[in-house]
Amino acid sequence: MNSRDLIQLAIRNLLRRKTRTFLAVIGVVVGTCAIIVMLSIGFGLSHNFEEQIASYGNLHLVNVYQGGGYVVGGYSDGKQAILDDKAIAAMERIKGVDAVSPRVEEYLTFGIDKHVASVSVIGMKPEVMQKFGFNLQEGRLLQPGDKYALVFGNQVPVMFYNPRETMYSSWSGEPKVDVITDKIIMTGDWEYGQKRRHGSEGEKINYKEYKAQGVGILANPNDESAYYVYMNIDTLKTIKEDLKRARKEIGPNQQGYQSAMVYVGDINDVQDVSDKIREMGFQTHSLSDWLEAMQDQAKMIQGILGGIGAISLLVAALGITNTMIMSIYERTKEIGIMKVIGANLGDIRRMFLLEAGMIGFLGGLAGVVLSFILSLLMNTVLSDLLSMMFGSIGVGGSTISIIPWWVAVGGLVFATAIGLISGYSPARRAMKLSALESLRNE
Amino acid sequence: MKPLIEVKNVRKIYRMGDEKEIALDDVSLSVHKGEIICLVGASGSGKSTFLNMVAGLEKPTRGEIYIGDIPIHKLNEEKVTLFRQKNIGFIFQAFHLLPMLTAVENVGLPLIFRGVDNKKRHILAKKMLEDVGLSGYEKRKPSQMSGGQQQRVGIARALVGNPKIIFADEPTGNLDSSTSVEVMEIMVKKVRENNQTLLIVTHDPTISEYADRIVTIKDGNILNIEENKRG
């Protein structure tokens, strides 16, 4: 029996009992739909968490700090891992790491004309800045050879104010300076540009003033980068040295860098990379730590929702089995005839399996289509309704339901498989019917 | 000449709980190619059981059945089905057409199981319907045909694969006498044309007129075998 005839015969048999087939298919539609939609809500939840956390900062970023950590290997002699160039190079070799830069931070004041702003400046290697996934709103990122070039966080230009006016009297949210074209003075003096409060410190410190040039403004207004200024680490180190001398600070020369930034290309690798770095004896911090916990939660919710969906598909499976068994009872005679006039045992089994599989497949197909429609409705109508009821604040995102393609395909395959499994035992039964018995059955 | 069908000392016992019912006691029969054999006997005489066993639908309790050189009694269900598919055509008392299929599809059904493709199947089935006098009825469903027409479709279905042997179990049992004659004429004509072997089970003495030999079965044994001397 060739497969075309097999399929044709199966379709006819299904059409012969339209109502029953239809009901069995509906069962699968509901089951498939329930699973897919429930899972999609889980995906939506997880996506919203991700979005929410991503808005707080860069999920690809792992911040590495010196000390505190344990050294795997059992050394407990108090020897600390040092965050030096050797350690940085070692981190670069970790699988999944795209770029590593040591990080130096200093609180500096910038002056443009009469306006000033005091901002934390992060020094990093200019040659790797490109790899850290910074998005620009204007200008360019740091490049090798840049010395006093500055890349401003998105919100920094707004922070410039004129200290001679009442502090926020004229604050409008619009930057008063153009950090890229205007000349910039950079200094460690936090009181730069303000009236000197004489005698407050007693001794006056001679701060150096550096001429700097803005080259770019970052795009993201929400994450932590928005409130920093980025520049060449070597230049910033020099500035720090100068400041130390000017302030006459005495302290042990710190070995290595304060911290480092590690950029991981694939968010899923962040956890592994963090673990490896901790094994080297450093402390790490990344938003992914947080994300992971939230995603675990999302997965759990998804599991529960999916389980509810699975129950309805199970019921649908029983429906298919029932339909097939009924149909075998009805067609006992037919099966007998077919057997007597030469249907192979395999043909009979395939015929019934195919019918059951088709019910599953059709139900699955309709279920997937319906799921997409429902998902769309949820994301438009329901999400509007929700934001109307609760307000959009606090709702992480507008996406309630997300159906990844593999879930859609998986749903279809699963429904078909359910059909085949449900049909297996009836098909076997049909195959084993005695031809003679069936013919006598009149 | 070596007989086509050889039945040797076949015995069939049905067990129903503790009771034993002897359907066939000790039956031996040889049938040659091209012969038309009629098995007659009262109901319960064991004639249908005999037919079923030769067709491999039932296994004998004892004894041997050969068709050609093939020991039918030894084949498993799978093999016997395959054998039947290639070598045996069946005609039933109750026609046993599939209700959802049209006449031409019913006739083509055995070919489906042989894996013959749709086009060729249709041509063969249509030709066969013509041969049994049903051209123009191709698209009819069994429910839209008379008993005689249905049985002719049944005959066409049995013959379409050009089997060596045809079994007919009370082929006219559900038909009135004039239709019976019609159907028998067609059946015998086709079988003679193709030099096929036909085994008919019946209790209707008029049917046995068509046979070369009439085998009377009573209480599980062959009572006598009568050569039909026709002019």
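**Entry 1: strand 7 of chain A**

I looked up the partner of A:V151 in strand 7 of chain A and found that its bridge partner is A:G216. I was working on a predicted model, and I read every pairing below in that light. The bridge of A:V151 belongs to the pairing of strand 5 (residues 149–152) of chain A with strand 7 of chain A, which is parallel and runs over four bridges.

I then followed strand 7 of chain A, residues 209–218, to strand 4 (residues 136–139) of chain A. These two strands pair in the antiparallel sense over three bridges. Within strand 7 of chain A, I noted A:I217 as the bridge partner of A:E138.

I next checked strand 6 (residues 184–187) of chain A, which is joined to strand 7 of chain A by four bridges and runs antiparallel to it. Here I found A:E209 of strand 7 standing opposite A:T187.

**Entry 2: the sheet of chain B**

I traced an open sheet of four strands in chain B, ordered 2-1-4-5, with antiparallel pairing. I asked why one side of strand 2 and one side of strand 5 of chain B are left without a neighbour in the sheet. Strand 2 (19–31) and strand 5 (70–71) stand at the edges and each has a single partner strand, so one side of each remains unpaired in the sheet.

For strand 5 of chain B, I recorded two bridges to strand 4 (residues 62–67) of chain B, the two strands running antiparallel. I identified B:P71 of strand 5 as the bridge partner of B:Y66.

I also located helix 1 (residues 47–54) of chain B, which lies across strand 1 (5–16), strand 2 and strand 4 of that chain. I noted an angle of about 115 degrees between helix 1 and strand 1 of chain B.

**Entry 3: where chain B touches chain A**

I found 23 residues of chain B in contact with 19 residues of chain A. On the chain B side, helix 2 (77–87) and helix 3 (103–114) each supply at least two residues. Helix 2 of chain B gives the most, with six residues. I divided the residues of this side into 10 nonpolar, six polar and seven charged.

**Entry 4: confidence in chain A**

I noted an average pLDDT of 81 for chain A, with 88% of the residues scoring at least 70. I marked two stretches where pLDDT stays under 50. For residues 69–78 of chain A, under 50 throughout, the model has nine contacts beyond four places in sequence. For residues 392–396 of chain A, also under 50, I found eight such contacts beyond four places in sequence.

Terms used. Residues are numbered from 1 along each chain as its sequence is written. Chains are lettered from A and ligands numbered from 1 in the order in which they are written. This is a predicted model: local features need pLDDT of at least 70, side-chain atom pairs count only at pLDDT 80 or more; totals for chains, interfaces and linings use all residues. Two strands pair if DSSP finds at least two bridges between them. Two residues are in contact if their C-beta atoms, placed from the backbone, lie within 7 Å. Axes are lines fitted to C-alpha atoms, for helices over the stretch in contact, and angles run from 0 to 180 degrees between N-to-C directions. pLDDT is the predictor's confidence in each residue, from 0 to 100. Ala, Val, Leu, Ile, Met, Phe, Trp, Tyr, Cys and Pro count as nonpolar, Asp, Glu, Lys and Arg as charged, and the others, Gly among them, as polar.
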